[in-house]
Amino acid sequence: MKRTDCQPELLTLYHYHELEETERQRVADHLADCSACRKELEELNRVLRLADTGRLEISNLERQQFTQRVSAAGRGRKRSRIPAWGLALSSATALGLTLILLRPGITPQPQPPQQQSSPIFADIDMLQNFDMLDDLDLLENLDLLQEMGDLG
Amino acid sequence: MVERSEQILLEQARAGDEESFARLVDTHAGRLINLGWRMTGSREQAEDLAQEAFLRLHRSLGSFRGDSSLSTWLYRTLSRLAIDHLRREKLKRKIFFFRGADSEQADPVDIAPDPGAGPGEALLAMETGQRVRRALQQLSPQQRAVFTLRHDEGLSLQEIADALQLSLGTVKAHLHRAVTSLREELHDLRERIGS
């Protein structure tokens with residue numbers, strides 16, 4: 001590694017001892033020659049020391065509480081899986097029955113529409129005839145005109 | 001590889017012994033919550049993520065073969081959960097134009113001054129903690145995961161690559177970018193504190 005071969009990314013790996021021995025030696029030799037890279041490495045070390053944020057202290061009691069919570073949640077999930085299996089089983093049964101019924105020969109053939117003789121169907125048919133409704137309005141207006149005529 | 005005592009606990013937990021599972025949780029809870037805390041910056045989030053990692057272990061007990069150590073498995077699971085969490089948070093911030101966590105949201109433990117330090121030093125320590133925390137928040141989720149696992153947890157880059165399912169080259173690149181970003185963010189602080 002020559003003096004001109006400054007490679008900052010190698011300094012990061014050098015700091016974390018993540019270079020193969022031969023490459024580590026090359027970087028060490030380069031650092032001995034290059035004051036800019038030495039300064040760079042010093043600054044890197046300083047920043048990374050700042051990034052040491054310490055550890056989160058967890059007391060025994062807090063750890064126990066956490067463990068209890070996880071255990072309870074684990075038991076809860078186990079229990080909730082049982083109804084899920086039941087649901088899956090019943091869904092599969094229903095699907096199976098449907099498939100059996102839909103087999104050729106078992107499937108009921110579509111029937112021709114039956115005559116809708118019920119009075120409610122007759123009412124609906126009549127409501128769909130809007131012309132007749134218009135006529136009803138006219139008749140109402142005619143009655144009103146006649147009443148007004150009678151009154152003078 | 002899973003240690004013998006841990007292997008026994010795993011076997012017992014697999015057989016439905018809840019006490020053994022609780023002992024496994026108790027053994028790994030501290031380190032796992034710490035990892036979550038470093039990655040998310042929030043103790044509450046860290047506990048939620050750790051809980052989810054343990055619940056995934058509980059669910060996978062039957063299929064856990066013990067090819068990697070239990071702690072590696074848990075680290076890997078929590079790291080992925082944390083990356084997903086950070087990505088979602090980042091997206092939420094983008095949507096709501098919310099510019100990261102402010103100082104009032106900072107974990108009190110993180111910004112608490114050293115009780116042995118004088119008032120000036122305590123203030124500086126508090127400011128340093130906040131600045132470092134903010135600088136870490138500027139990193140991408142993967143950069144933050146790689147940096148935390150290497151810098152704080154001491155995992156090798158190869159272990160990190162395995163845990164995060166990334167190539168070694170990508171892990172190196174993430175680490176370098178994370179360090180560069182921290183240097184830029186903490187430039188003035190570095191000069192004020194000196195060596």
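User: Happy to dig into this one with you! Is A:Cys34 buried or exposed?

Analyst: Glad to help, and do keep in mind that this is a predicted model. The relative accessibility of A:Cys34 is 5%. The cut-off for that class is under 20%, so A:Cys34 counts as buried.

User: How many disulfides are there over all chains?

Analyst: A pair of cysteine sulfur atoms has to lie within 2.5 Å to count as a disulfide. By this rule, the count over all chains is zero.

User: Which cysteine sulfur is nearest to that of A:Cys34?

Analyst: A:Cys34 is in no disulfide. Its nearest cysteine sulfur is 3.7 Å away, while the cut-off asks for a pair within 2.5 Å. That neighbour belongs to A:Cys6.

User: And how far away is the nearest cysteine sulfur for A:Cys37?

Analyst: A:Cys37 is in no disulfide either. This residue is buried, with a relative accessible area of 5%. The nearest cysteine sulfur is that of A:Cys6, at a distance of 3.5 Å.

User: Which residues of chain A does UniProt list for "domain: Putative zinc-finger"?

Analyst: The name comes from an unreviewed UniProt entry. In the model, the stretch it covers is 80% helix and 0% strand, and its end C-alpha atoms are 14 Å apart. The record places this domain at residues 9–38.

User: What pattern does chain A follow along the sequence?

Analyst: Chain A has zero strands. Its helices number six. Read along the sequence, that gives α-α-α-α-α-α.

User: What share of the residues in chain A is buried?

Analyst: Chain A has 152 residues, and its accessible surface comes to about 11,900 Å². Carbon and sulfur atoms hold 58% of that surface. As for residues under the 20% cut-off, the buried share is 18%.

User: Which residue lies over the face of A:Tyr14?

Analyst: For an Arg, the test takes CZ, which must be within 6 Å of the ring centre and within 35 degrees of the ring normal. Here the distance from the ring centre is 4.2 Å. The residue over the face of A:Tyr14 is A:Arg24.

User: One from chain B to finish: what is the C-alpha separation of B:Gly41 and B:Gln137?

Analyst: B:Gly41 is found in the loop between helix H2 (18–40) and helix H3 (43–60) of chain B. With a relative accessibility of 6%, B:Gly41 counts as buried. Along the chain, B:Gly41 and B:Gln137 are 96 residues apart. Their C-alpha atoms are separated by 8.2 Å.

Definitions and conventions. Residues are numbered from 1 along each chain as its sequence is written. Chains are lettered from A and ligands numbered from 1 in the order in which they are written. This is a predicted model: local features need pLDDT of at least 70, side-chain atom pairs count only at pLDDT 80 or more; totals for chains, interfaces and linings use all residues. Side-chain values use heavy atoms; hydrogens and water are left out. Helices (H or I, at least four residues) and strands (E, at least two) are DSSP runs, numbered from the N terminus. Buried means under 20% relative accessible area, exposed over 50%, partly exposed in between (1.4 Å probe, protein chains only). Accessible areas come from the Shrake-Rupley method with a 1.4 Å probe; for residues, only the protein chains shown count as cover. UniProt positions are given in the numbering used here, feature names are shortened, and annotations may be inferred rather than shown by experiment.
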